[in-house]
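Let's take a walk through a protein model together. Have a look at the chain below, then read on.

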Amino acid sequence: MKTIIKANVVEAMTVPFTISGAATDEKLIADYLGSVTPLIEANLKRVDARFSTFKADSLVSRFQRGEDSLLALDREFQQVYGAVSVAKDQTEGLFNPYYGGKYDPTGYVKGWSIQTAFEKHLAPLLEDPRVVGVCLNGGGEAFAVNDAGALLGGPDREDGVQVAQIRSVGLSAPFRLGRRSGRD
């Protein structure tokens, strides 16, 4: 059966993000990508507005100016702050969310935003048996899953095929979709 690959590109965080899908039905994958692309773009732009070091009203800029209450009041800010703090500890400072003495989680935020947008908007498309793969790539960081549910860069597929090695810096938890009924 022929596989059709379609992609849309959106601009966010000063880099292009490519949203790709592969399916056995061209209209289906075009429709799916048409429906998820604006959602992914909105999510990426929302994250950029909240975590950019270049926007004066972002949470990060406010925190840099001393608004420490953000740690107590904003759950998403807490999540990112906690994750980069753990990463700094686990890497013994090789990953550091501070640049020039100022809090700057951008080394983590892009990969985290790709993972969360992927899990929310692209991974569910694989529930349709006609969809054989989806990918979200931004500035060289990517999350991609095939119809066997294997994260590219993750474990080998059950049929013995080696999966391409694509990793997203800052994402440590393996992502694996459950098998779908009728495809086992």
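Where is the place of T14? T14 sits in the loop between strand 1 and strand 2. Before we go further, two notes on what you're looking at. This is a predicted model, so to speak of a local feature a pLDDT of at least 70 is needed and side-chain atom pairs count only at pLDDT 80 or more, while totals for chains, interfaces and linings use all residues. Residues are numbered from 1 along each chain as its sequence is written, and side-chain values use heavy atoms, with hydrogens and water left out.

**The overall layout**

The protein chain has five helices and six strands. Here helices (H or I, at least four residues) and strands (E, at least two) are DSSP runs, numbered from the N terminus. Going along the sequence, you meet them in the pattern β-β-α-α-α-α-β-β-α-β-β. Of the chain's 184 residues, 43% count as buried. Buried means under 20% relative accessible area, exposed means over 50%, and partly exposed is in between, with a 1.4 Å probe and protein chains only.

**The loop we started with**

Back to T14, which shares its loop with a neighbour: M13 is also found between strand 1 and strand 2. The hairpin of these strands has two residues between them. M13 has a positive phi of about 55 degrees although it is not a glycine. T14 isn't a glycine either, and its phi is also positive, near 65 degrees. Is M13 buried or exposed? M13 is buried, at 14% relative accessible area, whereas T14 counts as exposed at 73%.

**The sheet**

Strands of a sheet pair through backbone hydrogen bonds, either parallel or antiparallel. In this model, an open sheet of four strands has the order 1-2-5-6, with antiparallel pairing. Its edge strands are strand 1 and strand 6 (141-146), each pairing on one side only. Direction ignored, neighbouring strands are turned by 10 degrees against each other on average; the axes are lines fitted to C-alpha atoms, for helices over the stretch in contact, and angles run from 0 to 180 degrees between N-to-C directions.

Two strands count as paired if DSSP finds at least two bridges between them. Here are the pairs, each with one set of partners:

| Strand pair | Bridges | Partners |
|---|---|---|
| Strand 1 (residues 4-12) and strand 2 (residues 15-23) | nine | A12 and V15 |
| Strand 2 and strand 5 | seven | I19 and L136 |
| Strand 5 (residues 131-138) and strand 6 | six | C135 and A144 |

L136 also stands opposite F143 in strand 6. How many of the eight residues of strand 5 are buried? Six of them are, so strand 5 is largely enclosed by the rest of the structure. The hairpin of strand 5 and strand 6 has two residues between the strands, and G139 there takes a positive phi near 60 degrees.

**The aromatic rings**

Next, the rings. A pair of aromatic rings is described by the distance of the centres and the angle of the planes. Rings of Phe, Tyr and Trp (its six-membered ring) pair if their centres lie within 6.5 Å; planes under 30 degrees apart count as stacked, over 60 as edge-to-face and the rest as tilted. A search of the whole structure finds eleven aromatic pairs. Why does the pair of F77 and Y81 count as stacked? The ring centres of F77 and Y81 are 6.4 Å apart and the planes are at 20 degrees, so the pair is stacked.

Both residues lie in helix 4 (residues 75-90), four residues apart, about one turn of the helix. F77 is buried, with a relative accessible area of 0%, while Y81 is partly exposed at 21%. Ring pairs also link F77 and Y81 into a cluster with F51, F63, Y98, Y103, Y108 and W112.

Helix 4 holds S85 too, which is partly exposed with a relative accessible area of 25%. S85 and P105 are 20 residues apart along the chain, and their C-alpha atoms are separated by 9.7 Å.
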